[in-house]
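Here is a short set of exercises to work through with the model open beside you. Try each task before reading its solution.

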Amino acid sequence: MSESLLCVLTEDLLIRVLHHLHSHADRKSWRLVCKHLHRVESLTRTTIRILRIEFLLSLLHKFPNIQELDLSLCPRIDDGAVRIMLTQGSPTWTRGLKRLLLSRATGLGHSGLEQLVRACPLLEAVDVSHCWSFGDREAAAISCGTGLREVNMDKCLGLTDIGLARIAVGCSRLQSLSLKWCFEISDLAVDLLCKKCLHLKFLDVSYLKLLIWFSVLTHHPIPLIFGLMFIFCCFTTPERVEITSESLQSIASLLNLEVLVMVGCSLVDDAGLRYLENGCPLLKAIDVSRCNCISSSGLISLVSGHQDLVQIGAGYCLSELSAPLVHCLKNLKQLSVIRIDGVRVSDFILQTIGKNCKSIVELGLSKCVGVTNMGIMQLVSGCDSLKILDLTCCRSITDAAISTIADSCPDLVCLRLESCDMVTENCIYHLGSSCLLLEELDLTDCSGINDTALKYLSGCSELLRLKLGLCTNISDIGLSHIAYSCPKIAELDLYRCVYIGDDGLAALASGCRKLMKLNVSYCNRITDKGMEYLSHLSELSELEMRGLSNVTSIGIKAVALSCKRLADLDLKHCEKIDDSGFWALAFYSQNLRQINLSNCNVSDVVLCLLMGNLKRLQDAKLVHLFKVTVKGVELALRACCGRIKKVKLQSSLRFLISLEILETLQARGCKVRWD
């Protein structure tokens, strides 16, 4: 189609065509056709993810109407970069921005964060999760966004009551807040949050370690000013414990709360759930997994007070699923998701779930004790709408149960059978012929799976994710069946499939052109020829190839030269790869974000070159590098300082590496781990 013909089409028509292009590759092809299409795409694009900081200003100028800016994968985002964005970038990009994603932007400080928030008048969502050095000053910066509806501060380890109080007061329109792993929050701050943010619909306080202040003030309503003064000036001694039921009394007052996640709060008990029984009238989903002090009685109280519950998570918190609790579920007409991983069940309980919960589409029974063929058959006879079923480590399950699942649940899209080692090709035949919508199948450590099973499975042409790790009876022949019949596969795990070799990878390269994630660790029949086949997978972004003893620098060069999207590479124990292979990675794999070089034969010079050249590298594992000296490690760390966010080093180097280097890394937001 010529450019002149395209110019005849109105902009509205072109925009309608563009909205039907969902894949990144298709959109890229679209904008390369001509300047007219490029302009339409630039004006209508609302979301961008910045991968390399050198393109930041040009992309902000190119896409003036963005509503979501993702900087979570961009290294070297600091206060200086923010200043340049706001002063030298296009003056219009901040006007319509609604979502700002800064997850793991550990180099950013409170000053730059505040500038960003203040510059975006329509900002509704900020994500600073896993910015482990963030604390109260960063929370104060976020509180400047008075129109914020959503804040994610997971694993902001410096956040205390003071910072949360600033957010509660400054962001009163907040509807979603996640505080997972924020260890310095107290009951008082949670109480203040619930008093100020009355519109909260989503709250995650998982693994929260609270400072419980023993004061009468925690049990009575307090004016805001006195609450803040109490936080600043309290003279009582705090005792560090996990979140308790006292906080649930405050949370119960949230009239708009729909989702409450409190995983791993092991001091929450039935009394806390009884607070919720008469509160949170709009509650639709709750997750109390790993809350070890609750019982079926507490959950019964919760369920009886919330007839509109859609999702319940109670994994690893009950010793046994009781019959009265299961009978209560009958009243939940909208219940669609139940996750009870790690709980003891019986055939009668599973049968009752099948009778009482006919509308469920997802059921998690991972590591449940007492799961049998009979129980599963009775379950699925009633729950024929199941789409997701997790039977991980239910070791008593055999072909009979899986065959019944396949026949009863034709809409199944996800089935997890890891370590169900009595499963064989006989039940896979039923899956392949009945579950034609299956997108994800986990057969990890299922020793009965062989090439015949994979031949039967090839009938599931919609497969996107397939896990075959530790299936030691499959070979290139079986893998070929999958490769030629399941072209949509994006993730494939072949960990320790020892009979997989170059021919299998050749089949993958030919049939599975959309493959993005591949694990071939310890598949020792793979050689450089197999790596050459993999180099034809242009979409490949994650490659785990630990312990491939027959792969040399020739093989890794082929991958580096052709797999331009490669972002995560694990080369641990690939001992035949030498400096020439790592040199190729340094110059051709410019999109690498994570790399594992542990137990590899790299030298000082090439390690420094690698760490310096990979401008997007954010996570590196550098353990047991026998050819690298302490000086070499120091030079490599200096070369990547400023953009690296995580580095793992050998513990014996802890007191040998310059303290100045370690302090500089930490000051610039890098977390050093010692092995």
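**Exercise 1: Charges over rings**

Task: Find the ring that the charged end of R290 sits over, and give the distance to its centre.

Solution: The ring belongs to Y316, and the charged end of R290 lies 4.2 Å from its centre. Now look at R45: its charged end sits over the ring of F63, 4.9 Å from the centre. Keep in mind that this is a predicted model.

**Exercise 2: An aromatic pair between two loops**

Task: Classify the ring pair of Y495 and Y522, and work out which parts of the chain the pair ties together.

Solution: Start with the count: searching the whole structure turns up 5 aromatic pairs. One of them is Y495 with Y522, with 5.9 Å from centre to centre and 90° between the planes. Planes over 60 degrees apart count as edge-to-face, so the pair of Y495 and Y522 is edge-to-face.

Next, place the two residues. Y495 is in the loop between β20 (491–493) and α22 (502–511), while Y522 is in the loop between β21 (517–519) and α23 (528–534), so the pair ties together parts 27 residues apart in sequence.

Finally, check the accessibility. Y522 has a relative accessibility of 18% and counts as buried, because buried means under 20%. Y495, with a relative accessible area of 28%, is partly exposed.

**Exercise 3: A ring cluster**

Task: Which geometry do the rings of W583 and Y588 adopt, and are these residues buried or partly exposed?

Solution: The ring centres of W583 and Y588 are 6.4 Å apart and the planes stand at 75°, so this pair is edge-to-face. W583 is partly exposed at 40% relative accessibility, and Y588 is partly exposed at 33%. To complete the picture, add F587: ring pairs link W583, F587 and Y588 into a cluster.

**Exercise 4: Two packed helices**

Task: How are α18 and α19 oriented to each other, and which residues meet?

Solution: Locate α18 at residues 399–408 and α19 at residues 425–434. Their axes are 8 Å apart and make an angle of about 5°. Angles under 35 degrees count as roughly parallel, and α18 and α19 are therefore roughly parallel to each other. On the α18 side, the residues are D399, I402, S403, A406 and D407; they meet N426, C427, H430, L431 and S434 of α19.

**Exercise 5: The whole chain**

Task: How many helices and strands does the protein chain have, and what percentage of its residues is buried?

Solution: The secondary structure comes to 28 helices and 27 strands. Of the 675 residues, 53% are buried.

Note on methods
Residues are numbered from 1 along each chain as its sequence is written. This is a predicted model: local features need pLDDT of at least 70, side-chain atom pairs count only at pLDDT 80 or more; totals for chains, interfaces and linings use all residues. Side-chain values use heavy atoms; hydrogens and water are left out. Rings of Phe, Tyr and Trp (its six-membered ring) pair if their centres lie within 6.5 Å; planes under 30 degrees apart count as stacked, over 60 as edge-to-face and the rest as tilted. Helices (H or I, at least four residues) and strands (E, at least two) are DSSP runs, numbered from the N terminus. Buried means under 20% relative accessible area, exposed over 50%, partly exposed in between (1.4 Å probe, protein chains only). A charge sits over a ring if NZ of Lys or CZ of Arg is within 6 Å of the ring centre and within 35 degrees of the ring normal. Axes are lines fitted to C-alpha atoms, for helices over the stretch in contact, and angles run from 0 to 180 degrees between N-to-C directions. Angles under 35 degrees count as roughly parallel, over 145 as roughly antiparallel, 65 to 115 as roughly perpendicular and the rest as oblique. Contact means heavy atoms within 4.5 Å.
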